[in-house]
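Please consider the structure shown below. This briefing addresses a sheet and a ligand site.

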Amino acid sequence: MPKSRILVIDDEAAIRDSLRMTLEYEGYEFVGAATGQEGLALAEREAPDLVLLDVKMPGMDGLEVLERLRHTNDALPVVVISGHGTISTAVEATKKGAFDFIEKPFASERVLTTLRNALDTRHLRDENRTLKKAVEVRHQMIGESRALEQVTAAVSRAAPTNATVLISGESGVGKELVARTIHRNSQRSRERFVQVNCAAIPEELIESELFGHEKGSFTGATEKQVGKFEQADRGTIFLDEVGDMSPKTQAKVLRVLQEGEVERLGSARTIKVDVRVIAATNKNLEEEIEKGTFREDLYFRLAVIPIHVPPLRERPEDIPLLVRHYVEFFSRENNTRPKRITQAALDALQRYRWKGNIRELRNTVERMIIMTGGETIDLPDLPESVRSPTAAGLASTKLPTDSEGAKLGTLREFKENAERAFLVGKLRENGWNISKTAEVIGTPRSNLYKKLEQYQIAQETDG
Ligand SMILES: Nc1ncnc2c1ncn2[C@@H]1O[C@H](COP(=O)(O)OP(=O)(O)OP(=O)(O)O)[C@@H](O)[C@H]1O
Ligand SMILES: [Mg+2]
């Protein structure tokens with residue numbers, strides 16, 4: 001580690017000399033200044049790690065020097081040296097942002113301890129800043145299309161408020177990312193962000209997940225459970241796939257939103273909660289309301305601020321940026337040098353329809369980074385489906401022929417037939433791996449399972 005450089009600003013030569021001896025003996029680098037003016041100039045030129053600053057000096061006094069230092073370099077720690085009886089000035093200095101103060105005459109031990117503290121704190125703060133930056137890159141929303149700009153603008157408007165937000169959009173467009181960004185930029189950012197995937201939790205468990213239960217409140221409730229709403233108290237709860245909640249759960253959630261209180265299952269006691277709700281869905285809730293599967297009153301409660309995240313194919317300008325971002329990201333992740341990507345490959349990626357949106361794009365780029373041996377990613381390195389989407393899509397998806405189509409009387413029959421053929425084709429392509437297929441065609445696994453049942457699709461045994 002390089003030596004820490006300490007700038008001492010003090011008009012008394014004796015003090016500067018004694019500090020020089022102490023500091024150099026301890027392995028620090030010493031820089032001395034006899035006036036405030038000189039000190040400021042050296043602070044700029046020598047980039048010290050810490051400043052020891054005398055308060056009482058002729059000409060520009062310490063407090064003014066401190067103010068100017070704060071102005072030019074906010075992160076530079078300053079320790080103030082005050083003469084006997086000028087403690088009040090020193091206190092004022094700490095209020096102005098000095099890290100600490102030392103009273104004259106001082107023992108060198110005291111100086112060294114204070115220095116070490118200040119340097120450690122600075123070091124920690126630097127580390128924190130680096131970490132935070134890394135996190136920010138991870139959660140960055142990439143893109144500069146008009147469509148995404150509108151989303152970001154809505155996010156900034158929604159974030160500082162307590163309003164409920166309803167995020168809609170296809171699978172993989174970035175709904176969760178939007179929700180997390182809102183929380184991170186809200187006044188609740190230091191509190192918890194609690195996520196509940198309403199589609200993944202079995203119907204009979206969801207209420208106890210959300211609201212908690214008392215021990216023995218039902219068979220299997222061997223321990224008390226604190227619900228997600230309580231866990232999110234003072235923070236944010238993210239109700240993901242909110243369109244998949246049963247009517248009964250919807251009614252209960254509505255009550256929490258109206259009353260701001262929850263009741264654990266098996267308990268008559270109500271518990272006040274202060275929770276900001278962000279919900280997301282890939283369903284069209286207006287349609288669900290029409291069908292009678294989603295409560296209108298709950299919809300209005302949730303959609304105080306609606307944010308729609310458009311699918312990637314409606315904002316192709318974002319694709320090259322996202323590709324470059326993920327190429328860099330996964331190269332770093334896999335400890336390889338960032339690969340170059342040819343214009344032809346970029347064009348093909350931009351033309352592709354990305355039914356699984358950004359998630360599909362991300363996975364595709366990751367695969368390419370791992371599978372491409374060379375330094376350059378070119379057309380042949382892209383998956384077949386991306387290179388020639390129509391060929392790959394249609395070959396495996398036997399659409400009904402004209403005569404078959406004629407036999408299918410209604411539009412609905414035709415659509416179902418086509419959908420079934422499409423699903424079988426995609427399943428075959430993906431080795432009957434449900435998760436993978438769901439991802440590729442951009443639908444939640446739960447939905448794919450429903451379709452398999454609806455169309456009575458079972459895995460072929462003969463391949
Ligand atoms: N604008 C963006 N810039 C960079 N990465 C993004 C962007 N939008 C989404 N992503 C990334 O894409 C992936 C999918 O996003 P996310 O999980 O937020 O989508 P979703 O809409 O919640 O999907 P689903 O409906 O399937 O749950 C994540 O890895 C996310 O970080
Ligand atoms: Mg999601």
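The points below are grouped by topic.

This is a predicted model, in which local features need pLDDT of at least 70 and side-chain atom pairs count only at pLDDT 80 or more, while totals for chains, interfaces and linings use all residues. Residues are numbered from 1 along each chain as its sequence is written, ligands are numbered from 1 in the order in which they are written, and side-chain values use heavy atoms, without hydrogens and water.

**Sheet**
- Five strands (DSSP runs of E, at least two residues, numbered from the N terminus) form an open sheet in the order 7-10-13-6-14, with parallel pairing (at least two DSSP bridges between two strands).
- Strand 7 (193-197) and strand 14 (305-308) are the edges; each has a single partner strand, so one side of each lacks a neighbour in the sheet.
- Neighbouring strands are turned by 20 degrees against each other on average, direction ignored (axes are lines fitted to C-alpha atoms, for helices over the stretch in contact; angles run from 0 to 180 degrees between N-to-C directions).
- Strand 7 and strand 10 (residues 236-240) run parallel and are joined by five bridges; F193 stands opposite T236 in strand 10.

**Ligand 1**
- Ligand 1 is surrounded by 16 residues (a heavy atom within 4 Å), the closest being I142, S171, K175, Y326 and R359.
- A polar backbone atom of I142 lies 2.8 Å from a nitrogen atom of ligand 1.
- An oxygen atom of ligand 1 is 2.6 Å from a polar side-chain atom of K175.
- An N or O atom in the side chain of Y326 is 2.8 Å from a nitrogen atom of ligand 1.
- The protein buries 88% of the 640 Å² that ligand 1 exposes when taken alone (Shrake-Rupley method, 1.4 Å probe).

Technical notes: Helices (H or I, at least four residues) and strands (E, at least two) are DSSP runs, numbered from the N terminus. A polar contact is a pair of N or O atoms within 3.5 Å; within protein, one must be able to donate a hydrogen and the other to accept it, and residues adjacent in sequence count only if both atoms are side-chain atoms.
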